[in-house]
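Let's take a walk through this protein together, starting in the middle and working outwards. Keep the model open as you read and turn it as each part comes up.

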Amino acid sequence: MSLSNAAEAPVRPVSEPFRLRRTFAIISHPDAGKTTLTERLLAAAGAIQSAGAVRGKAGQRSTRSDWMEMEQQRGISITSSVMTFDYDGLTLNLLDTPGHSDFSEDTYRTLTAVDAAIMVIDAAKGIEAQTLKLFEVCRLRDIPIITFINKVDREGHAPLELIDEIQDKLALDLTPVLWPIGQGVDFGGYIDLVEKRVLNPQGKIIAEFEQLEDLLDVEALVDNPVFMTALETLEMAQAMLPGFDLPTFHAGHLSPVLFGSALKGVSVAELLRTLGDWGPEPRPQPALPAPIAPSDKKVTGFVFKVQANMDANHRDRIAFVRLCSGKFERGMRLKNVRSGKDMAVSNPMFFFGNNRELAEEAVAGDIVGIPNHGTLSVGDTLTEGANVNVTGIPNFAPEIIRRVRLTDHMKSKQMAKALTDLSEEGVTQVFRRMVGADWIVGVVGQLQLEVLSARVAKEYGVPISFESIGFEVARWVESDDADELKRFIAAQKMNMAEDRNEAPVFLAQNAWWADRAKQDWPKIRFLTTKERH
Ligand code: GDP
């Protein structure tokens, strides 16, 4: 499992190419170092020449600043992109998740398409609000997590304190893989417990060992009080913490922890190694009537994201599809289970940031972008086989509910199209009131409203504004008793709307009214999430 000696690289199973995929995301609180780490990982894998430059798979080069400019032109960095790159005989698919908390829905859906996550924690800050939120999302699906405690080159909390805090707040067991020797100005390298060696901050090997005690024979180390403290705390950590166990990690219950510095490139190679060697292969995808095994011969995949305006030169919409099984080939016909329609996938794309190239073949774990004009929506399942629906890609009950006001009434058709398109993209949810048929939008964060009005104006030429209609709560309603549901809808007509799939939604002025309705109508279920299909 050495990185420095190719001859020792693990023998990868090549009979089933999907087993060579590692599809993952990096989750963190803003400023913990996700962007810096992403660049370092890409540089360490040779996918970019140096941190700061992004090179497309097809050989085009663009600088990081171009990429950032594109993000800015789009208004704000709200959308996730995919970076596919090779490392040590593997294909790694890194799905970027937007950092802003208003876009947690988009992030949530992106996390449904990964098999593992790297959780970046700032050593000086510990667990922060957004880390916790994203972690909870990973936990819902038992996604295995590698913990990277960043910024050891700066003063921060002591390793044992950080481990305690993470175990406590996340109820997640940790096991050390890399242990820091000092922090901040004292930072003097790290102990690699897998390769059993001590390295300096530049990654040069200082000593090797069989047992940690062997290091007590290394004079240069025992004379160093910082090293001795590190060794002592490491021994305490080992006594306290479980050892590494692959099945427990894969089940999402144990997280290997590495200390490092994204900025200085410390521990980045080891992070890649951990992901490559221990990271899970594509996992079975929860679906109905049955989960989809990556080894299934028929191609199946699902849309976890739709994005317009990826590139000013390609004014199209890209549906990002995570493949769950089979061997996908360009030109293949796949059925959209929601609409029942077949489509020929003639221009599937692989992405690297904003660069793209034609995808001739892909397997489970891969992400392909399919250009389309509105036939594909978030949550859609595509298959070559029998009908199956991928589950676990919900809409969340919106927290902000607004009526859309159109200033130019000649443009109501364009507005309808804009809102429908953008709801298929997952930018907003749209509802029509049962009485009056007003267009209502529901979002989870204020920023989404701003992006929505900016895009409707810019891309569809329709100026819109929003006004409050006195509703703060939306709940999908269901019942096993169809007559009771009809009675409820009739009684609440003024408070009812339909979502884009014509599912009934109850709107309430506030939480108190929502609760009251729940008590008055015990046979009705009030749902905060609804599967998208
Ligand atoms: P993001 O918001 O999580 O993407 O964080 P960035 O990668 O943009 O980093 C936020 C800030 O932390 C930037 O100023 C980085 O230079 C800095 N930073 C990132 N990693 C490290 C590190 O390992 N050590 C130090 N000292 N600073 C870092």
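**From the central strands outwards**

Strands β1 (21–28) and β6 (116–122) run parallel to one another and are paired through five bridges. If you would like a spot to check by eye, find Ile26, which sits opposite Ile118 of β6. This is a predicted model, so please read what follows as a description of that prediction. On its other pairing, β6 is joined to β7 by six bridges, again in the parallel sense. There, Ala117 has Ile145 of β7 as its bridge partner.

How many of the residues of β6 are buried? Seven of the seven are, so the strand is largely enclosed by the rest of the structure. You can see this on both faces: Ala116, Ile118, Val120 and Asp122 are buried on one side, and Ala117, Met119 and Ile121 on the other.

Now carry on from β7 (residues 145–150), which also pairs with β12, in parallel and over three bridges. Phe148 is a handy marker here, as it faces Leu258 in β12. Strand β12 has a further parallel partner in β8 (residues 173–180), with five bridges between them. Leu174 and Ser255 of β12 form one bridge pair.

Strand β12 (residues 254–259) has six of its six residues buried, so it too is largely enclosed by the rest of the structure. Leu254, Pro256 and Leu258 are buried on one side, while Ser255, Val257 and Phe259 are buried on the other.

Next, look for helix α1 (residues 34–44). Eight of the 11 residues of α1 are buried, which leaves the helix mostly covered. Those eight are Lys34, Thr35, Leu37, Thr38, Glu39, Arg40, Leu41 and Leu42. What do the buried residues of α1 pack against? Their partners are β1, β4, β5, β6, β7 and α9 (268–278). Just past the end of α1, Gly46 adopts a positive phi of about 80°.

Helix α1 also brings us to the ligand, because it gives the most to the surrounding shell, with three residues. In total, 17 residues surround the ligand, and Gly33, Thr35, Thr36, Ser261 and Leu263 are the closest. By class, this shell holds four nonpolar, seven polar and six charged residues. Thr35 therefore turns up twice in our tour: as one of the buried residues of α1, and as one of the closest to the ligand.

Time to step back to the whole chain. The domain assignment gives domain 1 (17–51 + 77–278), domain 2 (288–390) and domain 3 (394–531). The C-alpha centres of domains 1 and 2 are 31 Å apart. Where they meet, 18 residues of domain 1 are in contact with 17 residues of domain 2. On the domain 1 side, β1, β4 (82–87), β5 (90–95) and α3 (104–111) each supply at least two residues. That side is made up of six nonpolar, eight polar and four charged residues.

A general point helps with the next stop. In soluble globular proteins, nonpolar side chains tend to be buried together. Here, the largest nonpolar core has 102 residues, and Ala117, Val321 and Val368 touch the most other members. Domain 1 and domain 2 both contribute residues, so this core lies between them. Val368 shows what the packing looks like: leaving aside neighbours within four places in sequence, Val368 contacts Val321, Leu323, Phe328, Pro348, Met349, Phe350, Ala359 and Ala362. Apart from this core lies another, of 29 residues, including Leu419, Val443, Phe471 and Ala517.

For a contrast, is Lys458, in helix α11 (residues 446–460), buried or exposed? Lys458 has 11 C-beta neighbours inside 10 Å, so it counts as exposed. Lys458 and Ile524 are 66 residues apart in sequence, and their C-alpha atoms are 41 Å apart in space.

To finish, here is the overall tally. The chain contains 13 helices and 34 strands, and buried residues account for 44% of its 533 residues. Among contacts between residues at least 6 apart in sequence, 70% join residues at least 24 apart.

Note on methods: Residues are numbered from 1 along each chain as its sequence is written. A residue is buried if 20 or more other C-beta atoms lie within 10 Å of its own, exposed if 12 or fewer, and partly exposed in between; C-beta atoms are placed from the backbone. Helices (H or I, at least four residues) and strands (E, at least two) are DSSP runs, numbered from the N terminus. Two strands pair if DSSP finds at least two bridges between them. Domain bounds come from an automatic or database domain assignment. Two residues are in contact if their C-beta atoms, placed from the backbone, lie within 7 Å. Ala, Val, Leu, Ile, Met, Phe, Trp, Tyr, Cys and Pro count as nonpolar, Asp, Glu, Lys and Arg as charged, and the others, Gly among them, as polar. A nonpolar core is a set of buried Ala, Val, Leu, Ile, Met, Phe, Trp, Tyr and Cys residues joined through C-beta atoms within 7 Å. A residue is near a molecule or strand if its C-beta atom, placed from the backbone, lies within 6 Å of it.
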